[in-house]
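Hi,

Here is the structure I said I'd pass along. Have a look at it first, and then read on for what turned up.

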Amino acid sequence: MGDGLRLKGNPMDNFNREVTDLELEEVAEVALDRWRELGLHLGFTLAQLTGHEAKRPTSLKDRLLDILSAWKTDSGGKATVTALLNASGKARVKGAVLKVFTK
């Protein structure tokens, strides 16, 4: 990669595997400002996102973590690094999210 970042381990394994809960927590920390856009690109409706917002009105991190956890549960093994990076790219936070998966 030209930006000086190196992927942990085998790059293909890193992108095709399911994201871990710890990684979702780290993503929630770096993508706070784009939580709604990321949620939309992960397949949530505005109504669903409004529900998450009502449940967690003061904590953006907890709100986004709830959304990411629900996405992982609902995806049933398809919540891969690749899928998350694709959604984060559309939400314009891919650079920050990519850092979670790099050294």
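A quick definition before the first finding: a charge sits over a ring if NZ of Lys or CZ of Arg is within 6 Å of the ring centre and within 35 degrees of the ring normal. Bear in mind too that this is a predicted model.

With that in hand, look at Arg63: its charged end sits over the ring of Trp35, 4.6 Å from the ring centre. Arg63 is part of helix 5, and it counts as buried, because its relative accessibility is 4% and the cut-off for buried is under 20%. Leaving out residues up to four places away in sequence, Arg63 touches Trp35, His52, Glu53, Arg56, Pro57 and Thr58. As for ring-on-ring pairs, you can skip that search: the count of aromatic pairs in the structure is 0.

Next, the core. In soluble globular proteins, nonpolar side chains tend to be buried together. Here the largest nonpolar core runs to 27 residues, and Leu68, Leu84 and Phe101 have the most contacts inside it. At least two residues of this core come from each of helix 2, helix 3 (35-41), helix 5, helix 6 and helix 7. The top contributor is helix 5, which gives 5 residues. If you want one residue to centre your view on, try Leu84: setting aside neighbours within four places in sequence, its contacts are Val19, Leu24, Val27, Leu42, Leu68, Trp71, Val97 and Phe101.

Two of those contacts, Leu24 and Val27, bring us to helix 2. Which residues of helix 2 (residues 21-30) are buried? They are Glu23, Leu24, Val27 and Ala28. Down the helix axis these buried residues fall within an arc of 145°, so they line one face of helix 2. Their cover includes helix 5 (60-75), helix 6 (81-90) and helix 7 (94-100).

One backbone oddity to check is Arg92, in the loop between helix 6 and helix 7. Most residues other than glycine have a negative phi. Arg92 is not a glycine, yet its phi is positive, near 65°. Unlike the buried Arg63, Arg92 counts as exposed, because its relative accessibility is 64% and the cut-off for exposed is over 50%.

Finally, confidence. The protein chain has a mean pLDDT of 88, with 86% of its residues at 70 or more. Residues 1-6 are where to be careful: the pLDDT there is below 50, although the stretch has 7 contacts in the model beyond near neighbours in sequence.

Cheers

Methods. Residues are numbered from 1 along each chain as its sequence is written. This is a predicted model: local features need pLDDT of at least 70, side-chain atom pairs count only at pLDDT 80 or more; totals for chains, interfaces and linings use all residues. Side-chain values use heavy atoms; hydrogens and water are left out. Rings of Phe, Tyr and Trp (its six-membered ring) pair if their centres lie within 6.5 Å; planes under 30 degrees apart count as stacked, over 60 as edge-to-face and the rest as tilted. Buried means under 20% relative accessible area, exposed over 50%, partly exposed in between (1.4 Å probe, protein chains only). Helices (H or I, at least four residues) and strands (E, at least two) are DSSP runs, numbered from the N terminus. The arc is that of the directions from the helix axis to the C-beta atoms. Contact means heavy atoms within 4.5 Å. A nonpolar core is a set of buried Ala, Val, Leu, Ile, Met, Phe, Trp, Tyr and Cys residues joined through side-chain atoms within 4.5 Å. pLDDT is the predictor's confidence in each residue, from 0 to 100.
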